[in-house]
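Work through these exercises with the model open. Try each task before reading its solution.

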Amino acid sequence: MREPVAAAASAVTELVGDRASGWDRAGRLPEDLVRKLGAAGQLAAQIPTRYGGPGWSSADNGEFTAHVGSLCGSLRSVMTSQGMAAWTVERLGDPAQAAELLPRLASGETAAVAFSEPQAGSDLSAIETTVTIDGDTLLLNGHKKWVTAAEYADLILVVARMDEGGAVVVVDRTAPGVRVRPVADPLGCRAAGHAEVRLDDVRLPLSRLLGGGRQPLSLLVTTALAYGRISVAWGCVGILRACVAAAVEHAGSRHQFGRPLGQHQLVARHLADLWTAEQVSTRACEHASRCWDDNDAGLVPAIVLAKYVSATHAAEGAAAAVQVLASAGAQDGHVVARAYRDAKLMEIIEGSNEVCQLILADHALTRSRI
């Protein structure tokens, strides 16, 4: 880990300490923590230096994301949302929009990205939110569900339909017609600020339409999801590292039937599988980040593979950690109990396991024809 990344990781460790479980139970991150990391550029560390960001590589940002994920899944989720928003602006915005928005996202303002709707989850082609040009303004209407970090966001990037294509609209959370309502009692990442967002005749300047709009909806979705998937994958590596640490510590210190728990073969199997899952997931994420940094043609399948492998292993690994710790880990607030709930969500968000399998199967079929 390079010096700037190691220093940032050390600082976050100190800021989080042992407070993540309390935040999870309360369903809220401290506002000053989010703002402090945002002002340091660490919520979206791949924002280029020319826009005031740290300009980290995907590999560096990935290791940092894994570290934060090992400490607090909710905080890592906010990082993922901020990074998705910044990447979407960088890729889709015109130069003036990038010059205005990216410095703001690198210096303390926060953002979320709104995809899902009541009838549009895995099938985002079913999005019904619309944006139209009305004179010299935009008119936005729709209903978004499960918008991660919306509770903390200053800006919400809304994916909408526009004529025969799509558009991403940058919306101020305080704009008239915008209503944000928290998701009650989410299964995992309970402090990540998940919310529903209603948009009723929201009027905005034309400049809030990234890149002029009317892009293919599939392009808009895959652009943001590329960042989101690799960030979630690295976050799952963090979940696995936390589970390995907790399970190894417990199995090495607790005695049953006259010897350490970890010396019982069936328990040792769980430890071996957990460590293997962390190592395999790390290698998959490292490969995806190399593809990102090298602008490799195989980036898309590499990202989907990393997300699928890491999410699957995180869910299975968290379950194994709970099994090893038994009643010690079956209490709300324990790191492995939190990991168990958080990891299940990782198999759903940013492309469910089933969607990832379909993409990977299509890639395999395509390669077989070459």
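**Exercise 1. Two annotated spans**

What are the helix and strand percentages over residues 221-364, and how many Å separate the end C-alpha atoms?

Solution. Note that this is a predicted model. Start with the secondary structure: residues 221-364 are 78% helix and 3% strand. Then take the ends: their C-alpha atoms lie 22 Å apart. Now add the record. UniProt, in an unreviewed entry, lists residues 221-364 as "domain: Acyl-CoA dehydrogenase/oxidase C-terminal".

Repeat the steps for residues 112-202. This span is 0% helix and 53% strand. Its end C-alpha atoms are 17 Å apart. The UniProt feature here, again from an unreviewed entry, is "domain: Acyl-CoA oxidase/dehydrogenase middle".

**Exercise 2. Strand partners of S7**

Find the bridges that strand S7 makes with S3 and with S6, and place Val-197 among them.

Solution. Step one: locate S7 at residues 195-205. Step two: pair S7 with strand S3, residues 137-147. The two run antiparallel and share 8 bridges. Step three: pair S7 with strand S6, residues 178-182. This pairing is also antiparallel, over 5 bridges.

Step four: look at Val-197 in S7. Val-197 is the bridge partner of Lys-144. Val-197 also stands opposite Val-180.

**Exercise 3. Packing of H4 on H8**

Describe how helix H4 meets helix H8, then sort the contact residues by class.

Solution. H4 covers residues 58-71 and H8 covers residues 265-293. Their axes are 8 Å apart, at an angle of about 145°. Next, list the contact residues. H4 supplies Ser-58, Ala-59 and Glu-63. H8 supplies Glu-286, Ser-289, Trp-292 and Asp-293. Sorting gives 2 nonpolar, 2 polar and 3 charged residues.

**Exercise 4. A salt bridge from Arg-2**

Which residue forms a salt bridge with Arg-2, and is that residue buried or exposed?

Solution. The partner is Asp-60, with the closest N and O atoms 2.5 Å apart. Place both residues. Asp-60 sits in helix H4, whereas Arg-2 belongs to the segment before helix H1 (3-16). They are 58 residues apart, so the pair links distant parts of the chain. Now check burial against the cut-off: buried means under 20% relative accessible area. Asp-60 has 15% relative accessibility, so Asp-60 counts as buried. Arg-2, at 41%, counts as partly exposed.

**Exercise 5. A salt bridge between H7 and H8**

Why does the salt bridge of Arg-241 and Glu-278 tie together separate parts of the sequence?

Solution. First confirm the pair: the side chains of Arg-241 and Glu-278 meet at 3.1 Å, N to O. Arg-241 lies in helix H7 (residues 217-253) and Glu-278 in helix H8, so the bridge joins parts that are 37 residues apart in sequence. Next, compare accessibility. Arg-241 is partly exposed, with a relative accessible area of 27%. Glu-278 counts as buried at 8%.

**Exercise 6. A network**

Start from the salt bridge of Glu-31 with Arg-28 and trace the network that holds both residues.

Solution. The side chains of Glu-31 and Arg-28 meet at 3.1 Å, N to O. Glu-31 is partly exposed, at 32%. Arg-28 is also partly exposed, at 32%. Now widen the view. A network of salt bridges links Arg-28, Glu-31, Arg-35, Glu-151, Asp-154 and Arg-173. To finish, note the total: the model has 22 salt bridges.

Terms used:
Residues are numbered from 1 along each chain as its sequence is written. This is a predicted model: local features need pLDDT of at least 70, side-chain atom pairs count only at pLDDT 80 or more; totals for chains, interfaces and linings use all residues. Side-chain values use heavy atoms; hydrogens and water are left out. Axes are lines fitted to C-alpha atoms, for helices over the stretch in contact, and angles run from 0 to 180 degrees between N-to-C directions. Helices (H or I, at least four residues) and strands (E, at least two) are DSSP runs, numbered from the N terminus. Contact means heavy atoms within 4.5 Å. Ala, Val, Leu, Ile, Met, Phe, Trp, Tyr, Cys and Pro count as nonpolar, Asp, Glu, Lys and Arg as charged, and the others, Gly among them, as polar. Two strands pair if DSSP finds at least two bridges between them. A salt bridge is a side-chain nitrogen of Lys or Arg within 4 Å of a carboxyl oxygen of Asp or Glu. Buried means under 20% relative accessible area, exposed over 50%, partly exposed in between (1.4 Å probe, protein chains only). UniProt positions are given in the numbering used here, feature names are shortened, and annotations may be inferred rather than shown by experiment.
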